[in-house]
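Visitor: I would be grateful for a close look at a single part of this structure. Please take the strands and their pairing as the point of departure, and then turn to the charged side chains.

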Amino acid sequence: MPHAISQVTDAQQDTLFLVGDVFAEFAYHQGVVTVSQLARQIKNGTFPGDTGEVRVTPGQGVSLFDVQFVRDTLARRGLADRVAIDDQALHARAGREIAHKHRQENVLISRPRPVGVDWFEADLLVDAGNEVMSDHLTGQHMQGMLAMEAGRQMFIAVAEQHYLPPEAVGASYFVIDTFATRYRNFLFPLPAVVRCNVLSHRSPHRTRTAFHCELSVSQGGSETAGMEVRFTAFDNQVSHTKETRAAERSLHDSAALAAATEAANQSSPAHSVTPVSPAEIRTP
C-alpha cells in the first residue's frame with residue numbers, strides 16, 4: 001500500500017476527499033475515498049463512525065450524479081445531517097458555449113471568475129468520462145494532457161466571457177500560434193485551480209483579436225503546470241475562408257507530392273531476384 005502523501009493533522013481528521021472510482025489507487029491514502037468505497041462504508045454502518053460532522057470535499061472524477069448517489073445513501077441510513085458535501089464547484093462547470101466542447105464530461109473547468117485586473121481563475125473539474133481519461137491512466141497522478149487541455153479551455157472561456165465584443169461571443173474561431181507548457185509537480189485527483197493572466201490583447205482589425213496569456217494549474221498552493229500561449233480569435237466567416245484556402249493548398253501539395261513520388265518510383269530500376277531452376281543447381 002502506498003505511503004500517504006502527508007500526515008493528516010488533528011484539524012483535518014474530519015475532512016474527507018472524495019474521488020472517482022477510476023482513481024482507486026490514489027484512495028489508498030489516508031483521508032481519501034472513492035465513491036463506491038464511501039457508499040459501501042455507509043451501507044455497512046462504518047461511516048461516519050463516532051466523530052462529529054464530517055466534511056466531504058469532492059476531488060477529481062466525481063460528478064453531480066455521484067454526489068447525489070452518496071447523499072441518497074446517507075439519507076437512507078439517517079446520516080444526512082452528519083455529513084456536509086461541498087459540491088459548489090461542480091454546479092459551476094463552464095458551459096459548452098465558452099469551453100467549446102460538445103459533451104459536458106469533456107469540460108474541465110468551472111466558469112472563470114475575475115480575481116484581479118486581467119487575472120482569472122477557475123476550478124479544475126475532471127469528469128471520469130472525459131475524453132482525455134478514456135485510455136490513459138498511469139499510477140496515482142493524472143496525465144499532463146489534462147492540464148494542457150484545461151489551460152486551453154481556460155483561455156478560450158476567459159476571452160469569450162471578458163474580452164470579445166458581444167457580437168463575437170459564440171461566433172469566433174480560436175487559432176493557437178504558440179502553446180508552451182512546463183510541468184513542475186504531479187497533478188493528483190484532488191481539488192485544483194486553473195489561473196489565467198491576460199498579458200496583452202489587441203484588435204488590429206474588427207474581425208480578429210490577438211491574445212498573449214500565462215496560465216497555471218495549482219494544487220495545494222503549489223504550481224503543477226505552467227503555460228504560455230499566444231492565440232487569435234477570428235470571426236467565424238473569416239476563419240472559414242482562411243481554413244478552406246489552406247485545406248485546398250494542402251490537398252494540392254499532397255497530390256503533387258504523391259504524383260512526384262510515383263514518377264520517381266517508376267523511373268527507378270526494378271530490383272528483383274531471378275529465380276534459379278532446380279536443373280541449374282549443381283553439386284560438387
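Guide: In this predicted model, helix α1 (residues 35-44) lies across β1 and β2 and runs at about 90 degrees to β2. Helix α2 (residues 64-76) lies across β1 and β4, and its direction is at about 165 degrees to β4. The strands that these helices cross belong to an open sheet of four strands, ordered β2-β1-β3-β4, with parallel pairing. β2 (32-34) and β4 (83-85) occupy the edges; each has a single partner strand, so one side of each is left without a neighbour in the sheet. On average, neighbouring strands of this sheet are turned by 30 degrees against each other, direction ignored. Within the sheet, β1 (residues 15-19) pairs with β3 (residues 54-58) in the parallel sense, over four bridges. Leu18 has Pro58 in β3 as its bridge partner.

The charged side chains come next. Side chains of opposite charge can pair when their charged atoms come close. The count of salt bridges in the model is eight. One of these is formed by Arg113 and Asp123, whose closest N and O atoms are 3.3 Å apart. Because Arg113 lies in strand β5 (residues 113-116) and Asp123 in strand β6 (residues 119-123), the pair ties together parts that are ten residues apart in sequence. Arg113 has a relative accessible area of 29% and is partly exposed, whereas Asp123, at 19%, counts as buried, the cut-off being under 20%.

A second setting is found within a helix. Glu149 forms a salt bridge with Arg152, with 2.9 Å between the closest N and O atoms. The two residues are three apart in helix α5 (residues 144-162), so about one helical turn separates them. Glu149 counts as buried, at 13% relative accessibility.

Arg184 and Glu223 also meet through their side chains in a salt bridge, at 2.8 Å from N to O. This pair links distant parts of the chain, 39 residues apart: Arg184 is in the loop between β7 (172-183) and β8 (193-205), and Glu223 is in strand β10 (residues 222-235). Arg184 counts as exposed at 51% relative accessibility, while Glu223 counts as partly exposed at 24%.

Finally, Arg113 and Asp123 belong to a wider arrangement: together with Glu121 and Arg195 they are joined into one network by salt bridges that share partners.

Definitions and conventions: Residues are numbered from 1 along each chain as its sequence is written. This is a predicted model: local features need pLDDT of at least 70, side-chain atom pairs count only at pLDDT 80 or more; totals for chains, interfaces and linings use all residues. Side-chain values use heavy atoms; hydrogens and water are left out. Two strands pair if DSSP finds at least two bridges between them. Axes are lines fitted to C-alpha atoms, for helices over the stretch in contact, and angles run from 0 to 180 degrees between N-to-C directions. Contact means heavy atoms within 4.5 Å. A salt bridge is a side-chain nitrogen of Lys or Arg within 4 Å of a carboxyl oxygen of Asp or Glu. Buried means under 20% relative accessible area, exposed over 50%, partly exposed in between (1.4 Å probe, protein chains only).
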